[in-house]
Amino acid sequence: MSQGTTFTKYITELGSKNPQIPASLLISVANACKLIAKQVEQGALAGIIGSAGSGNVQGETQQKLDIISNDILLEACGLDQTLAGMASEEMENIFPANKNGNFLLLFDPLDGSSNIDVNVSIGTIFSILKKQSTGELTEKDFLQAGCDQVASGYVVYGPQTTLVYTTGQGVHMFTLDHETNEFLLIKENITISPDTKEFAINMSNMRHWDQPVKRYVDECLAGTEGARKKDFNMRWIASMVADVHRILCRGGVFMYPWDKRDPSKPGKLRLMYEANPMSFLIEQAGGASVNGKDRIMTLPAEKLHQRVSVVLGSKNEVDLIQKYHQGS
Ligand code: P6P
């Protein structure tokens, strides 16, 4: 398909060749994200900066834009007849849609929302599963492993509004043209270099990390004089979508590991609508994604909002970190 093709045309053609592709749902998500982009761009002008004065199921303060984005996705996608139901970081329970639908949509409507007030890139992350049961929709329908995803992607609201998705046939990137309000194809079959000199982690948590993560980061910091014999660069945007987008564009490794601050929590990030969709993209681009010891896409889904430790990106770096976690 040639550069500049619209996302709608691209996905419609894909869906016409393979009915297993959730084509109309992907188009509904993209259209919802166009509306979210308009809200994000308005910011303070639309009086939507700041806290909504409520908390979500995660116990986090909801930003006004978190709720606005969530509602836009519910409304825009709820009309899609192929959609059986939705689950969101911002909602404790599932949201039934159409009883004849055969797809499930899970999303973090606005990831990185602590960056909203300071005009730093944020994003929408989505994951699409097939409804396996024939009966009434229940939360159990959503509890599927990452390998069962039929599609995943994100939209990053940054200097450009860019959509990246996969249906298991490579990773493809589209940027929103504000003239036509269409996502236009800019790159197909994105791949990540297996090696990198750039890591992303919140260094302020160093004293809380487990030994394997501390060893890996110490070796990166030791540079050419250390075991890795090369210097590394560090980035941390505190917006997973922006960090993952950078890795898809130029390689790197992203870590949000378990740490001692709350030992009962396996990690900060959520499996179903953050780690799984991003892992699908990263693996499709030739990278790797683990929770330390194990491949994230094979982890059993036990709870809708379960958390997980995440190490993802350039394969050789992720493999090394995994080796350290496996004690070798
Ligand atoms: P910290 C955003 O809140 C988020 O869920 C991810 O997008 C991001 O990578 C992480 O949390 C940032 O966490 O603890 O560095 O603020």
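**A tour of the ligand site and one salt bridge**

Begin by selecting Asn 202 together with the ligand: a polar atom in the side chain of Asn 202 lies 2.8 Å from a ligand oxygen atom. Please note that the model on display is predicted.

Next, select Met 240, where the contact involves the backbone: one of its polar backbone atoms is 2.7 Å from an oxygen atom of the ligand. Then move to Lys 268, which has an N or O atom of its side chain 3.0 Å from an oxygen atom of the ligand. Now display the surface; of the 400 Å² of accessible area that the ligand has on its own, the protein covers 83%. The site itself is the largest pocket, and the ligand sits in it.

Extend the selection to the residues surrounding the ligand, among them Asp 111, Gly 112, Trp 236, Phe 254, Tyr 256 and Glu 274. Coloured by residue class, this shell shows six nonpolar, three polar and three charged residues.

Finally, leave the ligand and select Glu 198 and Arg 246, whose side chains form a salt bridge with an N to O distance of 3.5 Å. Glu 198 belongs to strand S11 (residues 198-200) and Arg 246 to helix H5 (residues 240-250), so this pair ties together parts that are 48 residues apart in sequence. To continue the tour, highlight the salt bridges of the whole structure, of which a search finds 13.

Methods. Residues numbered from 1 in each chain as written. Predicted model: local features only at pLDDT ≥ 70, side-chain atom pairs only at ≥ 80, totals over all residues. Heavy atoms only, no water. Near = heavy atom within 4 Å. Polar contact = N/O pair within 3.5 Å; in protein donor to acceptor, adjacent residues only side chain to side chain. Areas by Shrake-Rupley, 256 points an atom, 1.4 Å probe, with all protein chains shown as cover. 1 Å grid on protein atoms, 1.4 Å probe; cavity = no way out; pocket = protein on both sides within 12 Å on 5 of 7 lines; lining within 4 Å. Sits in = over half its atoms within 2 Å of the grid points. Nonpolar A, V, L, I, M, F, W, Y, C, P; charged D, E, K, R; others polar. Salt bridge = Lys/Arg side-chain N within 4 Å of Asp/Glu carboxyl O. Helix = DSSP H or I, 4+ residues; strand = E, 2+ residues; numbered from the N terminus.
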